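Here are a few exercises to work through with the model open in your viewer. Try each one yourself before reading on.

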Amino acid sequence: MNDFFYGYARADGSAGVRNHLLILSVAQCVDVVARRMADELPGAVTFSSAYGCSQIGSDAEQTFRTFCGFACNPNVGACIVVGLKCAQVDGAEIALRAAAGGKPVKYIDLDAYASHGEAIVEACRAGLSMAKELSTQTRTKLGLERLVLGLECGGSDAWSGLSANPVTGEASDLLIEQGGTAILSESQEMIGAEAFFAAKAISPRVRDDFLRVVKLREDESIEGGVDIASVNPSPGNKAGGLTTLEEKSLGCMQKGGRRSPLMEVLDYAAAPTQRGLIFMDTPGDDVESITGMVAGGCQVVVFTTGRGTCVGNPIVPVIKVASNTPLYERMRDNLDFNAGVVVDG
């Protein structure tokens, strides 16, 4: 295994595997304008969100933290933040935090322009200058200690816990042994197997943090009148041969590897303060889980699947790993690696 990768060294000490110009909308009503800006700037990326307005308390704080994390992600070389004064999320503050990391950033307040067209022209003026600067930057050889890997599974089948997830876990262990970091997530998909994963904790405090998070999510389901085991495994999971939530959870945790201790438990979209194996408290939904890990600083996500899935991310590459060879052969254009060879012998 190489002990390096080629990436873009950032002023704050992080490193990107991509060098994106991100157009970041801070509220759902701004999305369409941000999309038009991105369309006018070849190579720019953006995303749509249902959040940013009418949120309070910890809900609003989490959205703000997530948007900040996207703007500050090492794969973003430059960022244009688009907002307006009535938005719950403070776009100007997001721009300040992203700029503190040393990257080119511009904040565009739509309320300051006579028309959205004028704002788009201003974004293009700033964006073209940023894109020109990004085009002059080159990759350099960097140590694996700068790499943060997101671990995800979706559309799992009975083979996922026997092939794709253990293979990904081995890759995670190898990365961590070279000083890197891997983040495992999906709190609901630890239910029933949490004691096994908790045993990996580096300390009693970390173990208790992990068990508290899993119990919190299980209790939320019960208090909401929903038996989480009635909806998880999903219909697709069941069609693939998974029968119980415990069985699914035992497979899910394999992505965390066999040799690496659990170093830290994070809130959603929070950045790790430790290196090694990290757990992030996220929903079991693939899109929301990946979003949290990317906001936490992941530059790459490895996504295992036994049924096939189209989930990706605008900022980080999402490497799809098939759990079985028939799936890989059927969806070659959508899958990157076949772990089904483990099943094949």
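**Exercise 1: cysteines**

Is Cys 252 buried or exposed? Then work out why Cys 252 and Cys 86 form no disulfide.

Solution. Keep in mind that this is a predicted model.
- Start with burial: Cys 252 has a relative accessible area of 1%, so it is buried.
- Next, look for a partner. The closest cysteine sulfur to that of Cys 252 belongs to Cys 153, 4.0 Å away, which is too far for a bond.
- Now do the same for Cys 86, which is exposed at a relative accessible area of 58%. Its closest cysteine sulfur sits in Cys 53, at 5.5 Å, and that is again too far for a bond.
- A disulfide needs the two sulfur atoms within 2.5 Å. By this rule, the count comes to zero disulfides.

**Exercise 2: the open sheet**

Find the open sheet of seven strands: what is the strand order? Which strands are at the edges?

Solution.
- Walk across the sheet and you'll read β10-β11-β9-β8-β12-β13-β14, with parallel pairing.
- The ends of that walk are β10 (262–266) and β14 (337–338), edge strands that each pair on one side only.
- Helix α7, residues 204–223, packs on this sheet and touches β10 and β11. Its direction makes about 45° with that of β10.
- Zoom in on β9 (residues 181–184) and β11 (residues 276–280): they run parallel and are joined by four bridges. One of the residues to click on is Thr 181, whose bridge partner in β11 is Gly 276.

**Exercise 3: the nonpolar cores**

Which residues of the largest nonpolar core touch the most other members? Follow up by tracing the contacts of Leu 24.

Solution.
- The largest nonpolar core has 52 residues, and Ile 23, Leu 24 and Met 37 touch the most other members.
- Elements that each supply at least two residues of this core include β3 (20–25), α1 (31–40), α2 (57–72) and β5 (76–83).
- Skip the neighbours of Leu 24 within four places in sequence, and its contacts include Phe 47, Phe 67, Phe 70 and Ala 71, along with Cys 79, Ile 80, Val 81 and Val 82.
- Another core, of 34 residues, lies apart from the largest one; Ala 164, Phe 210, Val 214 and Met 253 are among its members.

**Exercise 4: a β-α-β unit**

What is the handedness of the unit made by β5, α3 and β6?

Solution.
- First check the strands: β5 and β6 (residues 105–109) run parallel, with five bridges joining them. Within β6, Ile 108 is the bridge partner of Val 82.
- Then follow the chain through α3: β5, α3 and β6 make a right-handed β-α-β unit.

**Exercise 5: positive phi**

Where do Glu 186 and Ala 269 lie, and what phi does each have?

Solution.
- Recall the background: most residues other than glycine have a negative phi.
- Glu 186 sits in the loop between β9 and α6 (194–198). Its phi is positive, about 70°, although it is not a glycine.
- Ala 269 is in the loop between β10 and β11, and its phi is also positive at about 70°.
- Finish with burial. Glu 186 has a relative accessible area of 0%, so it is buried; Ala 269 counts as buried too, at 3% relative accessibility.

Technical notes:
Residues are numbered from 1 along each chain as its sequence is written. This is a predicted model: local features need pLDDT of at least 70, side-chain atom pairs count only at pLDDT 80 or more; totals for chains, interfaces and linings use all residues. Side-chain values use heavy atoms; hydrogens and water are left out. Two strands pair if DSSP finds at least two bridges between them. Contact means heavy atoms within 4.5 Å. Axes are lines fitted to C-alpha atoms, for helices over the stretch in contact, and angles run from 0 to 180 degrees between N-to-C directions. A nonpolar core is a set of buried Ala, Val, Leu, Ile, Met, Phe, Trp, Tyr and Cys residues joined through side-chain atoms within 4.5 Å. Buried means under 20% relative accessible area, exposed over 50%, partly exposed in between (1.4 Å probe, protein chains only). A crossover is right-handed if, with the strands pointing away from the viewer, the path from the first strand over the helix to the second runs clockwise.
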